[in-house]
Amino acid sequence: MHQDHKKPITPERSRHYTDNFPESSIYTKTGVVVLGAFVCCALWGSAFPCVKIGYDLFGIHSDAIMTQILFAGMRFALAGVLVILFQSLIQRKPLLPGKTSLHKILWLSMMQTVGQYILFYIGLAHTTGVKASVIEGLNVFVAILVSAVLFRQERLSGYKIIGCLIGFAGVVLVNFTGSGLDMGLTFVGEGFIFLSTVAYAFSSVFIKRFSKTENPVCLSGYQFLAGGMIMMLVGWIVGGRINGYRPGAVLMLFYLACISAVAYTLWGILLKYNPVSRVTVYGFMNPVFGVMLSALLLNERGGLGGKCVLALLLVCAGIYIVNRNQKESGNFGKGSKDKCHEDVR
């Protein structure tokens, strides 16, 4: 059994925290990380209003949980197909997983796609949208804690905690409407929403871990395909049905699949070359983009006011604090690709 965790952290062993991120990769450059993360968050933010539009186009009611799960499964399975086809065209040969990749793909699909979204949809049916959005904002905290405390992929500093608190304050502010933030809690409602954030956190850590020996694009494509098919099967068996395949509805489904295909694949590549906290802290932007784009696409009032601007400033301040501290302490952009094995096996 591996016993290295019992040894004290010496200067040589401290390389375990800093040498995981090769500076030769373009994906460690600040401009690339910022641009890539913002693209991901903008795409995910657009998913909030576009999912609602998709429900309307397909005639899916807000209380039809299994139909929503079936719809999400179709979206993710199509996203997986798009990723696999696109990468196969780029490399001019089929993108196929190796035998050693299969259990990793299944593990990721159960956490990132099946677990996260089934828990979220069921939880959302038993709580308010505001409370769900605020609890989802905790996913950055949880991802950093899992990465630093359980898997020791990086150090947990006071600056990271402060940055996360400031960013989370922005998430709370952008969702605060004066109602919907009561203290009532249920396991099937708020509990399931929180468990979905835990599933997201573990998926982020394992994407980074598996990407050290696997192609993150391959992992993303096949985990979407596997997870989507599982969700489709679950939704169909339990009674979910999709009707109304009109051109506009199909195009919206295709766009939602493209969101997942592009955003999650790019996110996985960024996680491969950077500390989890450096990337996931941008996740605080998701609800801010969601509110702003909902205001534009759904004419929801209050999405472009001073409150949203202040929330955006808080989120940006939190992102800056987390990443400034890492740059000063050397937690990214150093080392070689060979030194990337964690103590946890």
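How many nonpolar, polar and charged residues does the lining of the largest cavity have? By class, this lining has 5 nonpolar, 5 polar and no charged residues. The model described here is predicted, and this report places that cavity in the setting of the chain and its helices.

**Overall architecture**

The secondary structure of the chain consists of 13 helices and 0 strands. Of the 345 residues in the chain, 54% are buried. Contacts between residues at least 6 apart in sequence are mostly of long range: 88% of them join residues at least 24 apart.

**Enclosed and open spaces**

Rolling a probe the size of a water molecule over the atoms shows where empty space is left. The structure holds 2 cavities of 30 Å³ or more. The table sets out these cavities together with the second largest pocket.

| Space | Volume | Largest contributor to lining | Classes in lining |
|---|---|---|---|
| Largest cavity | about 60 Å³ | H9, 4 residues | 5 nonpolar, 5 polar, no charged |
| Second largest cavity | about 30 Å³ | H8, 4 residues | 5 nonpolar, 4 polar, no charged |
| Second largest pocket | about 250 Å³ | H10, 6 residues | 10 nonpolar, 2 polar, no charged |

The lining of the largest cavity is made up of Leu-108, Gln-112, Ile-207, Ser-211, Pro-216, Leu-219, Ser-220, Gln-223, Tyr-264 and Gly-268. At least two of the lining residues come from each of H4, helix H9 (216-237) and helix H10 (247-273).

Around the second largest cavity lie Gln-112, Gln-116, Tyr-200, Ser-203, Ser-204, Ile-207, Tyr-264, Trp-267 and Leu-271. Here the elements that give two or more residues are H4, H8 and H10. Gln-112, Ile-207 and Tyr-264 belong to the lining of the largest cavity and also to that of the second largest cavity.

The second largest pocket is lined by Leu-82, Val-83, Phe-86, Gln-87, Ile-90, Val-217, Cys-258, Ala-261, Val-262, Thr-265, Leu-266 and Ile-269. Both H3 and H10 supply at least two residues of this lining.

**Gln-116 and the second largest cavity**

Is Gln-116, a lining residue of the second largest cavity, buried or exposed? Gln-116 counts as buried because its relative accessibility is 8%, which falls under the 20% limit. The residue lies in helix H4 (residues 102-124). Leaving out residues up to four places away in sequence, Gln-116 touches Met-111, Ser-196, Ala-199, Tyr-200 and Tyr-264. Among these partners, Tyr-200 and Tyr-264 also line the second largest cavity.

**Helix H8**

Helix H8 (residues 187-210) is mostly covered, with 18 of its 24 residues buried. At the start of H8, a side-chain oxygen of Thr-186 comes to within 3.1 Å of the backbone nitrogen of Gly-189.

Phe-192 is located in helix H8. Its relative accessibility is 16%, so Phe-192 counts as buried. Beyond its neighbours within four places in sequence, Phe-192 is in contact with Leu-119, Ile-122, Gly-123 and Phe-187. Phe-192 is 60 residues from Ala-132 in sequence, and their C-alpha atoms are 9.6 Å apart in space.

**The nonpolar core and Trp-267**

In soluble globular proteins, nonpolar side chains tend to be buried together. The largest nonpolar core of this model has 87 residues, of which Phe-71, Tyr-121, Met-231, Leu-256, Trp-267, Tyr-282 and Phe-284 touch the most other members. H10 provides the largest share of this core, 14 residues.

Which residues are in contact with Trp-267, leaving aside its neighbours within four places in sequence? They are Ala-37, Cys-40, Cys-41, Trp-44, Tyr-200, Val-279, Thr-280, Tyr-282 and Gly-283. Tyr-282, one of these partners, is itself among the core residues that touch the most other members. Trp-267 also belongs to the lining of the second largest cavity.

**Arg-92, an exposed loop residue**

Most residues other than glycine have a negative phi, and most peptide bonds are trans. Arg-92 has a positive phi, near 60 degrees. This residue is found in the loop between helix H3 (65-91) and H4. Arg-92 counts as exposed because its relative accessible area is 78%, which is over the 50% limit.

Conventions: Residues are numbered from 1 along each chain as its sequence is written. This is a predicted model: local features need pLDDT of at least 70, side-chain atom pairs count only at pLDDT 80 or more; totals for chains, interfaces and linings use all residues. Side-chain values use heavy atoms; hydrogens and water are left out. Buried means under 20% relative accessible area, exposed over 50%, partly exposed in between (1.4 Å probe, protein chains only). Contact means heavy atoms within 4.5 Å. A polar contact is a pair of N or O atoms within 3.5 Å; within protein, one must be able to donate a hydrogen and the other to accept it, and residues adjacent in sequence count only if both atoms are side-chain atoms. On a 1 Å grid over the protein atoms alone, a cavity is a set of points where a 1.4 Å probe fits but cannot get out, and a pocket is an open set with protein on both sides within 12 Å along at least five of seven lines; lining residues have an atom within 4 Å of a point. Grid points are joined across faces, edges and corners, and a volume is the space filled by probe spheres set on the points. Ala, Val, Leu, Ile, Met, Phe, Trp, Tyr, Cys and Pro count as nonpolar, Asp, Glu, Lys and Arg as charged, and the others, Gly among them, as polar. A nonpolar core is a set of buried Ala, Val, Leu, Ile, Met, Phe, Trp, Tyr and Cys residues joined through side-chain atoms within 4.5 Å.
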